[in-house]
Amino acid sequence: MERRTLTDAEKGKRRESLYRALLSLRTVEECEAFLRDLCTEREVGMLSERWEIARELARGKTYREAARAANASTTTVTRVAQVLRPAAGLGYRLILGRLLGRM
């Protein structure tokens, strides 16, 4: 079966469905089970690595310190740091503010 290109509206509906699924999760265990089913182990690892980098940068660590703490490349740290700039990174800042009590 040939795959067709989705419209922006269809992509938006898919994403909203995913976001609503994530919002329905009530515990860490539910989140773990859902992500385990949804993503590969590598994908979950990449997500958790980026989250760790965001946390380290929010704590004031340098790029190298954040890379070392997250066992990540400085290239990945730079990508995460770009999203944390004032005009972007709203999702990171929202959750970091809630969990770390700052930003």
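**Pockets in a predicted model**

Mentor: The largest pocket has a volume of about 1,200 Å³. This is a predicted model, in which local features need pLDDT of at least 70, side-chain atom pairs count only at pLDDT 80 or more, and totals for chains, interfaces and linings use all residues. Residues are numbered from 1 along each chain as its sequence is written, and side-chain values use heavy atoms, with hydrogens and water left out.

Trainee: Which residues are the closest to the centre of the largest pocket?

Mentor: They are Leu 22, Cys 31, Leu 35, Trp 51 and Ile 95, out of 22 that line it. A pocket is an open set of points on a 1 Å grid over the protein atoms alone, where a 1.4 Å probe fits, with protein on both sides within 12 Å along at least five of seven lines; lining residues have an atom within 4 Å of a point.

Trainee: Which elements give two or more residues to that lining?

Mentor: They are α1 (8–24), α2 (28–38), α3 (41–58) and α6 (90–100). The largest share, 6 residues, comes from α6. Helices are DSSP runs (H or I, at least four residues), numbered from the N terminus.

Trainee: What about the second largest pocket; what is its volume?

Mentor: Its volume is about 190 Å³, a volume being the space filled by probe spheres set on the points, which are joined across faces, edges and corners. Its lining includes Cys 31, Glu 32, Leu 35 and Arg 36.

Trainee: Which element gives the most to that lining?

Mentor: That is α2, with 5 residues.
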